[in-house]
Amino acid sequence: MITQFYQNIILKNPKSILIILIIALFTFGYYSKDFKLDASSETLLIEGDPDLEYLKEITNRYGSKEFLILTYTPNEGMISDVSINNLLSLKYKIQSLNWVHSVITLLDIPLLNNSDAPLQERLENFKTLKDEDIDKERGFNEILSSPVFRNFVISEDGKTSGIIVNIKNKKLIENISNKTKEEIEAHKDLIKKQNHQNILEIRDVIKSYNNIGKINLGGIPMIADDMMTFIKSDIVVFGLGVLLFIIATLWFVFRKLIWIIVPISSCFFSVIIMTGLLGLLGWKVTVISSNFIALMLILTMAMNIHMSTRFLQIKEIYPNKKIIELITLTTNKMFWPILYTALTTIIAFLSLIFSEIKPIIDFGWMMTLGLITSFVITFTLLPSLINFMPKEKIFQKKQEESKITSFFAQISLNNQKTIFTLTIVVIIFSLIGISRLEVENSFINYFSKKTEIYKGMKLIDEKLGGTTPLEVILKFPKKENKKSDDDDFEDWGDEENENDDKYWFTKDKIDRISSVHNYLDDLPQVGKVLSFSSIIDVATMLNNNKPLGTLEMGVLYSKIPESIKTEIIDPYISIENNEARINLRIIDSQENLRRNDLIKKINYDLKNELGLKESEFKLGGVLILFNNLLQSLFKSQILTLGLVMIGIFGMFVILFKNIKLSLIGVVPNFIAAFFILGIIGLIGIPLDMMTITIAAITIGIAVDNSIHYIYRFKEEFSASKDYNKTLILCHSTVGKAILNTSITIVFGFSILVLSKFIPTIYFGIFTGLAMLLAMVSVLTLLPSLILLIKPFNK
C-alpha cells in the first residue's frame with residue numbers, strides 16, 4: 001500500500017512535488033532567520049542536577065557578581081611609577097565603560113598596616129597604593145604577604161597582578177512569571193548580544209594598552225562569547241568544507257555535472273529545511289551540535305550516492321526503459337534498505353537522549369529530525385529532478401572496475417583465516433584499551449593553546465591561585481552561648497549599638513573554620529583558599545601578631561566600615577543562616593588532577609580526620625557540577641552503546657528475519673566501534689561530551705553499509721545461488737557505492753579537525769577512523785562470515 005501510494009502520488013507527479021518542495025524551501029528558509037546558537041554554561045551541565053540548585057542558593061546567600069578578570073604583567077616592576085600610572089590609567093579606562101560596575105586592582109586594596117595609628121582609625125581611613133603619601137614598597141609587601149590578596153590580585157612572585165572587572169547586574173525582565181517563553185528567550189538573546197559587545201569593547205581597550213606589558217582576558221562571560229564565535233566558525237567551516245569535498249567526490253564518482261547538481265540539491269534542500277525547523281521549534285545549536293550541518297550533508301549525500309548509483313546500474317541493464325520506469329524500479333529496490341539505514345542511524349542518535357547531558361540530548365533529537373528530513377527529501381526531490389532530465393543525458397561515463405573493491409573481494413575469498421585472526425587480535429586490543437578508558441578531563445584542555453581562553457586560564461591557574469571554584473559550606477549548631485567563657489574583652493562601642501551579631505563569633509566556630517581552611521590549603525591540587533580564617537590572619541597581623549579573642553572579633557566586625565565588610569567578610573560568613581563559607585580554587589591545568597578522587601578525599605577527611613558530622617558541611621560549586629558531568633559520561637557511554645546495539649540488532653532481525661544473518665551484519669560494525677574506544681583508551685585521551693558519542697554514532701552510520709551489502713547479496717544470490725560469484729558481483733556493484741560513501745564520510749568527518757574546540761577535533765578524527773575501519777570490515781569480515789555460515793538457502 002505504501003509502495004502504491006508513493007508511486008501514484010510522488011513519482012507520477014514530479015512537477016507538483018517539486019513545487020511543494022520549493023514552497024517548503026522558501027517557507028523554512030524564512031524561519032531559518034530564527035536559527036540561534038547557545039554557548040551558555042547551562043549547555044555543559046547535567047539536566048536537573050541538584051548541585052546546580054545548591055550552587056544558586058550559595059550564590060544568592062553570599063553574593064556574587066558576574067566578572068571578567070585581566071592578568072597584567074607590566075614591562076617594568078609592578079610598583080614602579082610607570083607601572084602604577086599605567087595600571088591606574090587602564091583601570092579608569094575600563095571603569096568608563098557603561099556596563100562596568102567596578103574595577104578592583106592592586107591599587108584598590110586597603111592598606112591597614114601602613115601606619116602606626118590605632119587600628120580603628122586605620123580601618124575608617126584606610127590608604128591604598130594610589131595615594132601619594134603612602135610608602136609604596138611597604139604597601140606592596142603588605143599585599144604580597146596578605147593571606148587574602150596574595151595569589152588573588154597579585155602573584156606570589158609579585159610580577160603579575162589580577163584586574164577584576166565586575167559587570168553591572170543585568171536587569172531581568174519584570175514580572176517574569178507573566179512572560180511567554182518567546183519573550184524570555186528574546187531577553188536572553190539581548191543579554192548575549194550585550195555581552196558580545198562588552199567583550200569587543202574591553203578587548204579594544206586591552207589592545208590600546210598592549211605596549212605597557214602582557215595583558216590576558218579571562219572569565220566566564222569571555223569564555224561564553226568566544227564559544228559562540230567558535231560555534232559560528234565551526235558551522236561555516238564544516239559546512240563549506242564538507243560541501244566542497246562532496247562536490248569533488250561526486251565528480252570523481254560520476255564524472256557528470258548532472259550527478260553533482262541532483263545530489264547537491266538534495267543536500268541544500270535538507271539543510272535549509274532543517275535549519276528552518278530548528279528556528280521554528282526554538283532549538284539552539286551548542287558547541288556539541290555545531291557539526292550537525294556537516295553531518296546532515298554527509299548522511300544526505302550517502303543516501304543520494306546509493307540511489308544514484310543504483311539508478312545508473314539499472315539504466316545500464318535496461319537501456320530502453322522509460323525514465324519513470326527506471327525511477328520506479330530504483331525506488332522499489334532502494335526504499336527499504338535506505339529506510340532501514342536511516343532508522344538504524346536514527347536509533348544511534350536517539351540513544352543519546354538517555355545520556356542526562358542536555359547538549360547531547362539536544363544533539364540526539366536534532367539529528368533524528370535531520371535524518372527524517374534527509375530521507376524524505378531523497379525520495380521526493382531526487383526522483384522529481386531526474387524526471388525532468390533528458391534521457392540521453394542521464395548516463396555515467398564508463399568506469400573501470402574498482403581495484404580497491406576487487407582487492408577486498410579476493411581477500412574475502414582467499415584469506416578468511418587471516419581475516420578471522422586479525423579480527424580476534426583487534427577484539428583483544430579493543431578490550432585492553434576499553435579497560436583503560438577514563439573521564440578525567442580539564443576544561444582548559446578543551447581549547448587550543450593558541451586561543452585566548454587557554455592563555456588566560458593557564459596564567460590564572462599558575463599565577464593567581466587556580467581557576468575552577470569549589471565551595472565548602474560549614475553549618476553550625478542552631479543554639480550556642482552568646483559569650484565565650486574565655487573572653488573578658490570589654491566592648492569598644494556604645495551600649496545602644498550592641499546587637500547579637502557580635503556574639504556569633506565563638507571559639508568553636510573560629511577553630512572549625514581555621515582547621516578546615518588549613519586542611520584545604522595543604523592539598524597540592526588546591527590553589528587559593530579564602531575564608532573567614534583569612535580575615536582572622538590579617539586581623540592578627542594588624543594586632544601585632546597577637547590573636548584576637550572571639551568577642552574582640554565580634555566587636556571588630558561591628559566596627560568595620562560597611563564597604564570593607566561587604567567586600568571582605570560577608571562573602572565568607574552568614575550569621576543569619578549560622579554558616580561559614582570556604583572558597584577555594586582548583587589548579588585545573590595540573591596533570592595528575594583527579595577531581596572525583598579529590599572530592600571523595602575531602603568528604604572523607606572532613607568526617608574522619610577533622611571529626612565533622614555529615615550534616616555539618618556540604619561541598620558545592622563549579623567543580624562539583626563539572627565532576628558530575630564527567631562521572632555521568634561512563635554511564636552515558638554504556639547506556640547509549642547498549643541501546644544502540646540492542647536497537648540495531650532488533651532492526652536487523654525485523655529486516656532480514658534471520659538471527660544468524662542479523663548477527664553477521666552487526667558484528668563488523670560493533671568491532672569497529674569497540675576498536676576506536678580501545679584506541680582512545682590506549683592513547684590515554686579522556687572521554688568527554690563529544691567522544692562518548694563516537695561509538696554509538698559510528699555503529700549507527702557504519703551499519704548502513706552492512707544493510708546495503710546484505711540486502712544486495714540476498715537479491716543477487718537468489719538469482720545465481722553461488723556464494724563466490726555473488727560476493728564478486730556485490731563487491732563490483734554495491735561495494736563501489738559503499739566505498740564511495742565511506743570515503744565521503746571519512747573525509748567529511750576529517751573537516752572537523754579545523755575546529756578550535758579540541759573535543760570536536762577528536763570527534764572528527766576518531767569517527768572518521770572508525771568509519772574507515774567499518775568499511776574495511778564490511779568489505780572483508782562481513783563477506784567472510786557469509787561464506788563461513790552460509791545463511792541463505794540455495
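In the predicted model, Phe 476 has a relative accessibility of 9% and is therefore classed as buried, the cut-off being under 20%. Trp 504, at 6% relative accessibility, is likewise counted as buried. These two residues form an aromatic pair of edge-to-face geometry, with 5.8 Å between the centres and an angle of 80° between the planes. Both positions fall in the loop between β7 (468–475) and α17 (507–521), so the contact ties together parts of the chain that are 28 residues apart in sequence.

In total, 32 aromatic pairs were found in the structure. One of them is formed by Phe 35 and Phe 292, whose ring centres are 6.1 Å apart and whose planes enclose 45°, a tilted arrangement. This pair links distant parts of the chain, the two residues being separated by 257 residues. Phe 35 is located in the loop between α2 (14–31) and β1 (36–37), whereas Phe 292 belongs to helix α10 (residues 292–317). Phe 292 has a relative accessible area of 0% and is therefore buried.

Aromatic residues also group beyond single pairs. A cluster is made up of Tyr 6, Phe 335, Trp 336, Tyr 340, Phe 375 and Phe 379.

Contacts between lysine side chains and tyrosine rings were also computed. The charged end of Lys 33 is placed over the ring of Tyr 30, at 4.7 Å from the ring centre. For Lys 321, which lies over the face of Tyr 318, the corresponding distance to the ring centre is 5.2 Å.

Technical notes:
Residues numbered from 1 in each chain as written. Predicted model: local features only at pLDDT ≥ 70, side-chain atom pairs only at ≥ 80, totals over all residues. Heavy atoms only, no water. Phe/Tyr/Trp six-rings, centres within 6.5 Å; stacked < 30°, edge-to-face > 60°. Helix = DSSP H or I, 4+ residues; strand = E, 2+ residues; numbered from the N terminus. Buried < 20%, exposed > 50% of the residue type's maximum accessible area, 1.4 Å probe, protein only. Lys NZ or Arg CZ within 6 Å of the ring centre and 35° of its normal.
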